[in-house]
There are 2 protein chains.
Amino acid sequence: MTPSDKAYVPFVSVDHMMQLIHRVGLDALLRRLAEAIEEDFRRWPAFDKTPRVASHSPEGVIELMPTSDGEVYGFKYVNGHPKNMREGLQTVTAFGLLANVGNGYPVLLSEMTLLTALRTAAMSAVAAKHLAPKNATTMAMIGNGAQSEFQSLAMQAILGLREVRLYDIDPAATAKCAANLAGSGLRVVPCDSAEAAIEGAQILTTCTADKQYATILSDNMVGAGVHINAIGGDCPGKTELARAILERSDIFVEYPEQTRIEGELQQLPEDHPVTELWQVISGDAPGRRDAQQITLFDSVGFAIEDFSALRVIRETAMETGLYQPLDLLADPDDPRDLYGMLMRAAPSATAA
Amino acid sequence: MTPSDKAYVPFVSVDHMMQLIHRVGLDALLRRLAEAIEEDFRRWPAFDKTPRVASHSPEGVIELMPTSDGEVYGFKYVNGHPKNMREGLQTVTAFGLLANVGNGYPVLLSEMTLLTALRTAAMSAVAAKHLAPKNATTMAMIGNGAQSEFQSLAMQAILGLREVRLYDIDPAATAKCAANLAGSGLRVVPCDSAEAAIEGAQILTTCTADKQYATILSDNMVGAGVHINAIGGDCPGKTELARAILERSDIFVEYPEQTRIEGELQQLPEDHPVTELWQVISGDAPGRRDAQQITLFDSVGFAIEDFSALRVIRETAMETGLYQPLDLLADPDDPRDLYGMLMRAAPSATAA
């Protein structure tokens, strides 16, 4: 008894994902993810959108992030547990799925721990492309954890970044990031303080993990004309920026209904004006207007970005064959005869 | 390079699920599922509850059904596409996951197309055990699709049902169900009409699939003293019972916030009184009060039932070894060094 083809869902394991990244090339894949995100942001109104469904516990959060463009449905499972790192576990792990809206059958299951790091980096670079000062060449990278190399390399691949200035409260994290970026072609400057890291930087990226109201950037640290890429504030009660910075900035968001709950924006009144990034990308709203403006991408991560990433992985997995068929769906010959399928699989039935 | 144990999630494929059902025994597994559902319904207030997150399209629905008891998180992906059957596909396919709330790491991924049929049947039998007339021995099974055998066998295993009377608008479906139940020990009576099927039955189960307001049972078909187990009305715009039947019945539901949207209850005003089934099971509310009462279990399926089913499968999969380790989670030795893990997997790195 072998199941029908309909029973199998292409599955991209962590091992296949790593092979796929190397086969396509990390820079090329980051650019392809950025293009897919821009394509999908330009057709933003076509998507079903809902704030992610979060299950909070004292130690972290587990979230489901669904969306659909009417033809393809996608969702991601993702957790965020800041304490995990101290226990030798990932702060964020994830996997995701695409399905055919017409019949509900899954068409791809994929690891997304690596892919989330890549798509978050590609998303940051897309936002910076539209919002950072012209010819931004230097980024301060505050928080040198699992995302930091991907953030730096995406800014290099998509924006032409030349220098990254690293700071983390743990010098070992900075040393790890600096060593990993050594052969990248980026000038890498480890710094002893956040203040030192932001010297001369046009882009300030904050990506720290503590689940609390923190002040990674205080008001007097941020001068005119910079672009702030705030990644780490992505949960109720978890922020990274002084409120005064927000009040001096023009704030750009993915999906306001979600960002007002989860982003830096939770520090401001509910009616504080924001611009939706998709409108900047589609040309319906201005991005950076002048050289003195502080632009802030209050990034929390939205389901459409994962949808974009999953469709790129679906394409590249099919192109490269880097997936395995997973026996995920019962699919009897007669669709009403689920019981008959089960009975024909009985040990006595197979012996007959 | 082999990933750490933390990278692997136990996965129960369709093939493993079928082996597992035969190893444990279908009747024994149905009883174990019923016990788990009763245990979890008795501790109902301990669970995080939310109506499922549905993505509707003209041809069907895709839903995510999450819940958590504070220690374990679970969710199910499930679709419902009535037209699928005509295209040789399952109306309902599903898979599910359990995760550790403390660190967000998945601990089980499982097929749930088969498992959903089993848990829906076990849930129906649990409800009937508390609501059907004493010594109910005969059930009318209206709608003889993929769920019908499981419904019949669960009522036999858990309630001691002796006779099932089958009706479907498609006689081939009835013939299929009758043939599958031939060796079960149940007396099986194929009928030419719904009216004939309900003759002498104390339990009336409706389980049809059309996505529309249908009237599988009309008012004059339903006499006093029966228990109605309404499975098929589980979607906005999809019902099976005449409204007048609802008005004569005492209605029992899983989670009112969801049932008022999806169940037969959508035909009644928003404040129509209902009893939550968990309160009957825990002894906080009466079930059947007298022999003349019509009880109606307006079943739509709730996340806690899937949680119960998944924890039984987790236990039995571990007991039997009927699962495979799935390389779903990236888990580098240094949790902050996701990039380093990726780079060490490069073709040149493995050659070194």
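Reader: Through which surface do the copies meet, the same or a different one?

Author: This is a predicted model. Of the interface residues of chain A, 99% are also interface residues in chain B, so the copies meet through the same surface.

Reader: How many residues of chain A and chain B are in contact, and how much area do the chains bury between them?

Author: On chain A, 78 residues are in contact with 77 residues of chain B. The two chains bury about 6,800 Å² between them, and 69% of this lies on carbon and sulfur atoms.

Reader: What relates chain A to chain B?

Author: The general idea is that two copies of a chain are related by a rotation about an axis and a shift along it. Here, chain A is superposed on chain B by a rotation of 180 degrees with 0.0 Å of shift along the axis, at an RMSD of 0.0 Å. This is the relation of a two-fold axis.

Reader: How many salt bridges are there between chain A and chain B, and how many residue pairs are in polar contact across the interface?

Author: There are two salt bridges between chain A and chain B. In one of them, the side chains of Asp170(A) and Arg336(B) meet at 2.7 Å, N to O. The residue pairs in polar contact across this interface, both at pLDDT 80 or more, number 32.

Reader: Which element gives the largest share of the side of chain A that touches chain B, and what is the make-up of that side by class?

Author: Helix 11 of chain A (residues 338–344) gives the largest share, six residues. By class, that side of chain A has 44 nonpolar, 19 polar and 15 charged residues.

Reader: How is a pair of aromatic rings described, and how many such pairs are found over all chains?

Author: A pair of aromatic rings is described by the distance of the centres and the angle of the planes. The whole structure holds 22 aromatic pairs over all chains. For Phe47(A) and Phe307(A), the ring centres are 5.1 Å apart and the planes are at 85 degrees, so this pair is edge-to-face. Phe47(A) lies in the loop between helix 2 and strand 2 of chain A and Phe307(A) in helix 10, so the pair ties together parts that are 260 residues apart in sequence.

Technical notes
Residues numbered from 1 in each chain as written. Chains lettered and ligands numbered in written order. Predicted model: local features only at pLDDT ≥ 70, side-chain atom pairs only at ≥ 80, totals over all residues. Heavy atoms only, no water. Contact = heavy atoms within 4.5 Å. Buried area = accessible area lost by both parts, 1.4 Å probe. Salt bridge = Lys/Arg side-chain N within 4 Å of Asp/Glu carboxyl O. Polar contact = N/O pair within 3.5 Å; in protein donor to acceptor, adjacent residues only side chain to side chain. Helix = DSSP H or I, 4+ residues; strand = E, 2+ residues; numbered from the N terminus. Nonpolar A, V, L, I, M, F, W, Y, C, P; charged D, E, K, R; others polar. Least-squares fit on C-alpha atoms with pLDDT ≥ 70 in both. Phe/Tyr/Trp six-rings, centres within 6.5 Å; stacked < 30°, edge-to-face > 60°.
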